Amino acid sequence: MKFHIQPTIRLPTKTSKSSMMGLRYSLTNINFSHYYCLHERNPKRKKMKEFAICEMDGEGDVAMTPAGLDWKFSQVFGERAAGEEVQEVDVISAIEFDKTGDHLATGDRGGRVVLFERTDQIDHGVLRRVLEGMDCSSSRHPEFRYKTEFQSHEPEFDYLKSLEIEEKINKIKWCQTANSSLFLLSTNDKTIKFWKVQEKKIKKICNFNIDPSNHLSNGFINSSNVHTSLRLPMVTSHDSSLLARCRRTYAHAHDYHINSISNNSDGETFISADDLRINLWNFEINSQSFNIVDMKPANMDDLTEVITSAEFHPSHCNMLAYSSSKGSIRLLDLRQSALCDNHSKLFEEHEPQGSRSSFTDIISSISDIKFAKGGRYILSRDYMTLKLWDINMGPGPVATFQVHEHLRPKLCDLYENDSIFDKFECCLSGDGQRVASGSYSNLFRVFGCSEGSSEATTLEATKNPTRRQIQTPPRFLRSPANYSHAVGSRRGLDNSGVDINGNNSYDFSTKLLHLAWHPNENLIACAASNSLYMYYALKKDRTMAYL
């Protein structure tokens, strides 16, 4: 079958991966629902090259679709033995990569912060980052090792309110590095701490005139142990050790539990959010903060929603977003006023008529939001779905990914055992082409979010992530032109909790709440109870060349 191809730009004879990403073609007489291979014929050498597999988009153009990923197990830290009981204080409660991806931090319910560092490098002395910037990849998978740990928070008691304050780490955020030292923020329910982790060399004094190990028992010195010539003692450096020191403590600014902290791109300020307020801090000043959002009503009986998550824009220091328990996201501009009572933009999706139930308000509550690396898109996670929002477009989501739709008939049981209140986090890949979030039975899901992508994978946090063949839930994407159609079809059959034998495979006692995506590579770190699992992915080869 032949197709008439009219290139809108000149096709290069030798096409690299980077140049292929921008190609667009105009085709006629093609079935839009199939994949096609685009060819270039060289009239001089009569050779044909097959560039890549492409797909028609809604506007009649061929858009490059990213190749799928083949996920593999990389590492595990703190793996449990069969039947081993897990201590509550060892359960991981926070995960965060730094901007380079060379360091990873985890926090647990015991108030400890554990740091890991990346160790793998390319052979022949070529640094890994150099290879990452080239159009090639390493055959070795990413490797991390334990670096250090420290006690960040201790249990406290508020005598004025007769309230116990847990030591559990709610959030961790990396800060800008300086002089090879690492800086990070950690917070529990009430107190934020700014930590500096640096390498200290252990110094010892040697070259003594007297060997202290040969002293006599009566305290006298053996004459044979005294050197005939006078020597000058010397200070020498031996092995180095890592020292974590709390530089500042930011406290007494929140009446409710802190659920979010986020660093500003200016490197000087950060925000902290609780249920009703968002405060702006300066790193150098811990005695005061500025309240920029206050949702507390004069009468608490009039309270209708609370803040669930907040994050700064990755590049615009004046912009931030926060989500609410009503399923909405508000975009703020700090240049408008000191107190941002009025949002710049509101993003929300209204439930269709007749679809509301007594659990609608609970399952629509957003538990986490993340900005994409470029700052244009926001990813949100509620109990049932993942949603992708475009801050440059209308109030509705541009993509919806079903995660727990199959649990809708069981919402009453989930409410009775409190599982319906579980807060799942979400993350995006560094290139913005994929999103991920956790589920029950230590499962997590990865979806392709680029237009035309059909990638959807369900993995289990074990050494064999694909051992359970579970159907991945459906995905619904839209372009600006077909928004109404996408919203109308977002409800679909989700059998993601049913294995290939038709058995319900969910265990609600094991849940994967926390995960993070490496900023530059396809590497996911996720927490299953007290164990930290890491998975890497290689792109499936979807390009071919014929000479």
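1. Of the 547 residues in this protein, 48% count as buried. The coordinates are those of a predicted model. The accessible surface of the protein amounts to about 28600 Å², and carbon and sulfur atoms account for 50% of that surface.

2. The secondary structure consists of five helices and 36 strands. When contacts between residues at least 6 apart in sequence are considered, 58% of them link residues at least 24 apart.

3. Confidence should be reviewed before any detail is discussed. The average pLDDT of the protein is 78, and 71% of the residues reach a score of at least 70. Residues 122-126 have a pLDDT under 50 throughout, and the model gives this stretch five contacts beyond four places in sequence. Residues 134-138 are also below 50 in pLDDT, with five contacts beyond near neighbours in sequence. Where pLDDT is low, the predicted coordinates should not be read in detail.

4. Strand S13, made up of residues 171-174, is covered on both of its faces. Lys171 and Lys173 lie on one side, Ile172 and Trp174 lie on the other, and all of these residues are buried. This arrangement may be read with a general rule in mind: in a regular strand the side chains alternate between the two faces of the sheet.

5. The pairing partner discussed here is strand S14, residues 182-187, which joins S13 in the antiparallel sense over four bridges. Within this pair, Lys173 of S13 is placed opposite Leu185 of S14. As a general matter, strands of a sheet pair through backbone hydrogen bonds, either parallel or antiparallel.

6. Ser262 belongs to strand S17, which covers residues 260-263. Is Ser262 buried or exposed? Its relative accessible area is 5%, and Ser262 is therefore classed as buried, the cut-off being under 20%. Beyond its neighbours within four places in sequence, Ser262 is in contact with Lys173, Phe270, Ile271, Ala310, Glu311 and Phe312. Lys173 is thus a residue of S13 that also appears among the contacts of Ser262. With Phe312 there is a specific approach: the side chain of Ser262 reaches the backbone nitrogen of Phe312 at 2.9 Å.

7. An open sheet of four strands follows the order S21-S22-S23-S24, and its pairing is antiparallel. Which strands form the edges of this sheet? They are S21 (307-312) and S24 (345-347), each of which pairs on one side only. On average, neighbouring strands of the sheet are turned by 20 degrees against each other, with direction ignored.

8. Within this sheet, S21 and strand S22 (residues 319-324) run antiparallel and are joined by five bridges. Phe312 has Leu320 of S22 opposite to it. The backbone nitrogen of Phe312 is also the atom that the side chain of Ser262 reaches.

9. At the other edge of the sheet, Lys345 lies in strand S24. Lys345 counts as partly exposed because its relative accessibility is 26%, between the limits of 20% and 50%. Outside its neighbours within four places in sequence, Lys345 is in contact with Ile329, Arg330, Leu331, Ile391, Asn392 and Met393.

10. Two of the contacts of Lys345 can be described further. Ile391 is 46 residues from Lys345 along the chain, and the C-alpha atoms of these two residues are separated by 8.1 Å. For Met393, the backbone oxygen lies 2.9 Å from a polar atom of the Lys345 side chain.

Notes:
Residues numbered from 1 in each chain as written. Predicted model: local features only at pLDDT ≥ 70, side-chain atom pairs only at ≥ 80, totals over all residues. Heavy atoms only, no water. Helix = DSSP H or I, 4+ residues; strand = E, 2+ residues; numbered from the N terminus. Buried < 20%, exposed > 50% of the residue type's maximum accessible area, 1.4 Å probe, protein only. Contact = heavy atoms within 4.5 Å. Areas by Shrake-Rupley, 256 points an atom, 1.4 Å probe, with all protein chains shown as cover. Pairing = 2+ DSSP bridges. pLDDT = per-residue confidence, 0-100. Polar contact = N/O pair within 3.5 Å; in protein donor to acceptor, adjacent residues only side chain to side chain. Axes fitted to C-alpha atoms, helices over the stretch in contact; angles between N-to-C directions.
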